[in-house]
Amino acid sequence: MAVNLELIHVCTNALLVSQSADQTPRYTHAVVFIFLANGEAIMVHVRGILLAFVVAVVAVATYIVLEPIPEGVDSPCTLKIVSNFLILSPYGMKALPTGLVDWLDERFRAHSRASEPRVPYRDAVFDRVPVRIFADEPAGEKTDKRPAIVFYHGGGFVSSSVDMHHSLTAMLARELNVVVVSVDYRLAPKYPFPAAIDDCTAATVWFLKHIGDFNVDPGRVAIMGDSAGGNLAAATAQRLTFDPEYRDLPRPKLQVLIVPCLQAFDFHTPSYQQNGKYNTLILRRITMATYWNKYLLGNKGDVTEAMLINNHTSAAAKSSPLVQKCLSRDLIPDEFKRPDYRAPSNDFGDDALYEEIKDVLLDPDYAPLMREDLRGLPEAYILTAEYDVLRDDGIMYAKRLEKAGVPVTWKHYKTGFHALFGNLIPSEVGKQGDKDFLQFALKKL
């Protein structure tokens, strides 16, 4: 290590000028030497850290470039970057001080709230549930009543917020000239099932009861959500349709389910088998199983590993009439079953574990696909993506709704991926998905 001796000499002489009368400059000289030497050592250490950082960045970049991704998916480079960021960011956040994480979170939220389109909004509370209300004009300013969308954000029941989906919900309000109520429901694992669906139901019911205060046509209300929000939209639609408590409320005209997760019974559907092992498609099988587990049990247990191999259910349950009807593989067209697809076995399971969790696992409030009778539900718009583990959840629900006599518009995107909607991840297929839904909603709502 090269130590700057000239600088040491200058500093030492300066100190000697003001030395004390006891003539003890040696100690001062040693301290200065050690300080400067350590300074050089620190610089060497910093350079080492920077070099290691550069090497790590190059290694990660190389890994991302070489990471496999299906050939047919849109925007593969963007997907690789975003997917790996989602995988790695939790580890990075754990290494940061809590105060810095909170600051970064608030800065991100503020940026989202300031993003385009800048539609007027206000935050409120509907029956104890925080909501954000978007409207391009104050309620009551015009005599014509407008449609409304009650929106439930995605995030695997464990993350995201009305801030994260601010630009999406603002876009809906602007492009469709509707009032949008975005619901900020409680999240797992702190608040497991049924907290989220109870919050979504409570906020929606309050809005429907007070709909006149928002200059909204009670016959033109849609409930909508993406991913986990699609689950909550489907479950809320079922509650409002089948629960006698809500029979006197205005009936939602549409349910809009964007890449929804609708069941946690079978993690080996064709789409889970096709897409579940990729690290580059936003959502992996293990990620989805983790989300379902946290929504199911909160912090009180972990059945993720059992879910991954369908060992969280019993052999008898797999072969039961309810499961064979609600999750029939015959509902999924053959074109979605790749040559390497293998129908999972039904002759195994963990009876004891299934007994512990079956009441929730089969509850339509938790898994809307498990409702046996779907007759009478509102008209549905369902969006699915080819390269999404949740593809078949949406397909099965669309097919079962059709069989039940419910009008269904099913839009499938052959180059699509999870989170394509709403420009959350910019792509051409996402733009088309947005355009198709806006055209549909302008005609139907």
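This is a conversation about a predicted model and its annotated active site.

Student: What should I know about the model before starting?
Tutor: The model is predicted, so local features need pLDDT of at least 70 and side-chain atom pairs count only at pLDDT 80 or more, while totals for chains, interfaces and linings use all residues. Residues are numbered from 1 along each chain as its sequence is written, and side-chain values use heavy atoms, with hydrogens and water left out.

Student: Which residues does the UniProt annotation "active site" cover?
Tutor: According to the unreviewed UniProt entry, they are Ser227, Asp388 and His418. They span 192 residues in sequence, yet no two of their C-alpha atoms are more than 10.6 Å apart, so they gather at one spot. UniProt positions follow the numbering used here, feature names are shortened, and annotations may be inferred rather than shown by experiment.

Student: Is His418 buried or exposed?
Tutor: His418 is buried, with a relative accessible area of 6%. Buried means under 20% relative accessible area, exposed over 50% and partly exposed in between (1.4 Å probe, protein chains only).

Student: And Asp388, buried or exposed?
Tutor: Asp388 is buried, at a relative accessible area of 2%.

Student: What does Asp388 touch?
Tutor: Not counting residues up to four places away in sequence, Asp388 touches Val259, Ser271, Asn275, Leu283 and His418. Contact means heavy atoms within 4.5 Å.

Student: Changing topic, how much of the whole protein is buried?
Tutor: Buried residues make up 49% of the 445 residues.
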